[in-house]
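Grab a coffee and your favourite viewer. Here are a few exercises to work through, each with a solution that goes step by step.

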Amino acid sequence: MNREDRQRANRIFLKALERAEEERHDFVKTACGLEVTVCEAVFRMLNNAASAAEFFEEFEDDLLERQANELEEHDTRGIRLGNYELIHLIAQGGMGSVFLAKRADGQFDRRVVVKMLPMGFDSESLRERFSKEQNILANLQHPHIAQLYDAGVTARGRGYFVMEYVRGSCITAYCAEGKLDIGQRLDLFLELLAAVRFAHQNLVVHQDIKPSNVMVDRDGKVKLLDFGIAKTFVESSVGEKPGGKGDYSRSHATPEQLSGEPISTASDIHQLGQLMFELLTDTSPCAAGLCFVLPGQRVLSDWCARASSQQTEAWAANRRLPSGSVRKVLTADLDAIVSRAMMKDPKLRYASVQDFATDIQNMKAHRPVSARQAGWGYRLGKGIYRYRYAIAVVSVLLIGSGLFAGTMAWQSAQTERQRDKALLVTDLLVEMFEIANPKNTPGPPPTIAEVLVQGAEKISRKNTRQHEVQADLLEVIGRTQQSLGNYANAEKTFNRALAIREADGDGARADIARLLVHLGENDRLVGKYAEAEKTLRLALQQTPDAQRQLIANAQGKLGRVLVLEGKYAPAREYLTQAMELQLELTGETDLAYAQALNDLASIGFAEGAYAEVEAILRHALKIREQLGPQDRESNLDPDYATNLNNLGLALFRQGKLESAEPLFRRAVTLRRKIYIKPHAQQAQSLTSLGLLLDARGRTDEAETYLQQALSIRKQVFGNDHMRVAESLNNLGMLQLSNARFTQALDLYTEALRITIMRLGKDHGATAIVLNNMGQAHLELGNIEQALSEYRRSLEIREKTLPKGHLFLSYSQLGLGRTLTAQGRYDDAIGYLRQALSLREKKLPEGHWLIGEARYALAEALFAQGEWEQAQPLAFSAHDILSRKKGKDHYLSRKAAQLLDRLPPDEL
C-alpha cells in the first residue's frame, strides 16, 4: 500500500469515527469506491480502534471490580441469610453483587446464587429496580428461566434474593466446545425462544439477551438469566433519553437502546437475532460490522463474503463439515430469518417471538418461512421436498395424471391458509400492543388493564374471515383480565368471543362450552351465583361427551356455585363427580387433581365437616409440594397459596389456632409476591389472618389486616360487592370483641344492605349478618330488636342448613341469651342447651365458642336460681375465655362478673 493510499485511508477512517457505529460500514464502502485495498485498511483501523477502546474500558473496570470484590468478600464473610450460607463472591456490578451460597439448615443439599444490593449503593432508585427484578422473577416460573427461591433483607438492611444456581457454560461456549452442528444449535435456540416468549406473555421485556446471560446446564437445557434491567411493557414504552447510555450491554445494544427510542418486545427480538448470528458463525455481528440490517440486506451472506477462507474452513471443521459446504448450510431461509430479526427498523422485525420460532421450525421441517418474500415456486418446492418420498411413489404410479397436480394445489392452499392465519395473529397482536406506544396514545402510559381492554376492542372490530383466530385471542385476553381481577372487562371480552363462536354453529360446541365455563366462573367471582349456576349448567349441556376434561372443569365450578347457594346435596354430587373424573383422567399426581380436591373441600366447609376438610386439603397440599419447587417458600403458584389459606381455615374452624396462623402468614406473604397490584386473593388471606388474630385476643393487630382486606376489596370490586359486605361484617365482629357495640351495629347495617341486595333476604349469608346484628342489639339493650333478628336468622338457617350444622348454634345461643334478658328462663335454657350440645359435638374441648355457650347457659341457670348447675359452667367458661380471648375481652369480663355474683357458699 503506497503513501497516498495510506493517507486516503487515514482521512476516511477519521471521518468514519465521527459517524454512528451503524452508519460506518456504508460510509466507508461509499467513500472508498472501488479501492479495495483502501477499504480493507479502513476497516482494520476501525476494528483496532474499537478493540483499543474496549481494552481500556475493561482495564479500568477490572481495577475497580477487584477493589470492590475484596471489600465485598471481607464484608460478607461467614454471613447466613435465612436457610442459606454465603460461600464466596462470584461477581459485582452496579446492579448488585452475586454470591455462590449453599443450603445450611441440613434439610437437603443445594447450591444457589444470592443476588444482593451492591455495598454502598443505597439509593432509592436502585432499591426500586432491585425490588422490581425480584417481582419480575417471582412471576416467571418456566423451565428455561433461572428460578427465584427466596428473598429478604440482611441484618444490615441490604436486600437480597436467592436464585437457582445453573451449573454449565454460556450457550456460545457450550456449542463451540461440543462442536454442535447447525440443527443442534437451533434446537437450543428454540428453548431460549420459549423462555423469552413466556416472559413476553407475562408482559416483561428482558433487554439484555447476550451469550453470558444464556446458560446451558449439565443436562443440556437452556436457562435464561439476569432480568436486572428488564421492564414491563408499560415501563418499556418510555425508553432511555436520546443519547443516554442506559444499563444495557453496549456490545449487544439494539438501535432503540442506542438512540433512546421506546423499548418493546422487538428489542428482545433484535438481540435474539444477534445471538442466533453468533451461534451460527461463532462471530459477534457487531465485530463483523453487521450490527444492524437494512431492507434487502442479508447478514449471513455478507459474513460469508467478508470472512477469509481460513475462517470458513475453521468454522466448517468445528461443525464437522467440508469447507465447501458453508454457503450450502447457511441457506437462504436461514439467512432471511436472521436478517429479519436484526432489522434496524423494529417494524420490519418479527412481530413476536412465536413468529420467530415458527419460522425456524418451518425451515427445519422444509416448510416455507415468512421471512422470505418468495412466490409460488418457492412454496411448491418446499412441499415437494417435504413429501419427496411419497411424491416419488405417487409419480411412478400416476404419471401424467391430474392427481399429482391436485395434491400439490391442496398442499399449497393449506400452506396459504396457515400463513394467512399466522399473519392475522401477528397483525392483531401488533395492533393491540401498539396501544402502549406513547406515539399512538398521548398522555400517561396506559396500564396493562387498559391495554387489554383496548386490544379486545381492536380485535372485535377487525374485519376478517378467520373468526376462530379472533375468538382465540379474545378468550386469552378475557382469562388474563379475570386473573387480574378485572371481572367486568373479562365478562365483556368472553361474550364477544362467545358471539363469534356461536356464529360457527355446531362445529364450535366445545369452544362454546369452554367460554360458558369462563363466564360462569366470572359470575361466581363477582357474586352472581344464580347467573353462574345457569351458565355452568348450559356449559355442561353444550360440552361434547368426548371433552371429558372440560366436563370435569364445569362440574367442579358448578359444584362450588351450588355450595355458595346453599344447595349442598347437589353440590357434593357434582364436586365428587369432578374429583373422580379428574383422577381418572390425570391420575393422583397432577395439579388438576389437587385443584379438584380443593373444590371438594368447599362442601365440607359449608357442612361444618372441618376434620374431613383438613384431610382433603392436606392431601392436595402434598401433591402440590411434590410437583412444585423444593423450597416451598418459593412456590408462587396462586393455587398453592389458596391451598395453604384453606387448610389454615380448616384448622382455625377446629380451634387449632397455633397451627393455622403460620399457614395464613405464608399465604399472605406468597400472595404479596404473586400479585404486584391489589388483588382479591390478597384480601382473602388478610381476612383469614385478621379473624384468627381476633380469635386469639390480638384485636389491634387483627384490625390492621381486616382494614387492609376491606380496602383491597373496595378497590377491586367497588363498594357494593358481597366480598365488601363480608369485610364489613368481619370488622363488625372485631368491634364487638372490643365492646364497641354501636360501631359494630353500623358496620353490620351496611353489610346487611349489600347482602340482601346481592343475595336476597333468605340466603345463608343474610342469616350470618342478622345474627351478628342481634348480638350488637342485645349488648346495647335493644331486646325486642335482638329477638326479632335472632329469630329470623334461625329461621333462614333451619331452611338452608342440614340438621346438626354448627352455624345453627349461633342463632340458638343468641335467642337463648335474649330470652334470658326478657326473664323467659325455661325457653332460654332450652335453646342454650341445644347450642352447647352442638358445639361440644362439633368442636374440640377448650374452644372459645364452647366457653361462650357455657357462660350463656350458666347465666340463664343463675338467673333462674339454679346455682349448683351454674357454678361449674361459669368456672369452665371463665377459664376457657380467659385463655383463648384474654382477660380483657368483653365475654371474659362478663364471665368474671358472673362468678362474682354467685353466693359465697356456692364458691
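Before starting, one cut-off: a residue is buried under 20% relative accessible area, exposed over 50%, and partly exposed in between. Keep in mind as well that this is a predicted model.

**Exercise 1. Classify R740 by its accessibility, then find its salt-bridge partner and say which parts of the chain the pair ties together.**

Step 1: R740 has 29% relative accessibility, so R740 counts as partly exposed.
Step 2: Look for a carboxyl oxygen within 4 Å of a side-chain nitrogen, which is the salt-bridge cut-off. E703 fits, with an N to O distance of 3.8 Å to R740.
Step 3: R740 sits in the loop between α31 (722-737) and α32 (741-759), while E703 belongs to helix α30 (residues 699-717), so the pair ties together parts 37 residues apart in sequence.

**Exercise 2. Take the salt bridges E612 with R572 and E795 with R792, and work out where the partners of each pair lie.**

Step 1: Start with the distances. The closest N and O atoms are 3.4 Å apart for E612 and R572.
Step 2: That pair links distant parts of the chain, with E612 in helix α26 (residues 610-627) and R572 in helix α24 (residues 568-586), 40 residues apart.
Step 3: Now the other pair. For E795 and R792, the closest N and O atoms are 3.5 Å apart.
Step 4: Both E795 and R792 lie in helix α34 (residues 783-800), three residues apart, about one turn of the helix.
Step 5: Check the accessibility. E612 is partly exposed at 33%, and R572 is partly exposed at 25%. E795 is partly exposed at 36%, and R792 is partly exposed at 24%.
Step 6: For the wider view, the count comes to 41 salt bridges. There is also a network of salt bridges linking E658, E661, R665, R696, R698 and E701.

**Exercise 3. Which is buried and which is partly exposed: K179 or Q207? Look at phi for both of them too.**

Step 1: Here's the background: most residues other than glycine have a negative phi.
Step 2: K179 has a positive phi, near 50°, and is not a glycine. Q207 isn't a glycine either, yet its phi is positive at about 80°.
Step 3: Place them. K179 is in the loop between α5 (171-178) and α6 (182-201), and Q207 is in the loop between β8 (204-205) and β9 (214-217).
Step 4: With 41% relative accessibility, K179 counts as partly exposed. Q207 has a relative accessible area of 5%, so Q207 is buried.

**Exercise 4. Is N522 buried or exposed, and which residues beyond its sequence neighbours does N522 contact?**

Step 1: Find N522 in helix α21 (residues 509-525).
Step 2: Its relative accessibility is 1%, so N522 counts as buried.
Step 3: Skip the neighbours within four places in sequence, and the contacts of N522 are Q482, Y487, A490 and E491.

**Exercise 5. Which residues form a positive surface patch, and where is R167?**

Step 1: The patch is formed by K102, R111, R167 and R218.
Step 2: R167 is in the loop between β6 (159-164) and β7 (168-170).
Step 3: At 34% relative accessibility, R167 is partly exposed.

How values were computed:
Residues numbered from 1 in each chain as written. Predicted model: local features only at pLDDT ≥ 70, side-chain atom pairs only at ≥ 80, totals over all residues. Heavy atoms only, no water. Patch = residues over 30% accessible without salt bridge, like charges linked within 9 Å, V, L, I, M, F, W, Y side chains within 5 Å. Areas by Shrake-Rupley, 256 points an atom, 1.4 Å probe, with all protein chains shown as cover. Lys, Arg positive; Asp, Glu negative; His and termini not counted. Charge placed at Lys NZ, Arg CZ, Asp CG, Glu CD. Helix = DSSP H or I, 4+ residues; strand = E, 2+ residues; numbered from the N terminus. Buried < 20%, exposed > 50% of the residue type's maximum accessible area, 1.4 Å probe, protein only. Contact = heavy atoms within 4.5 Å.
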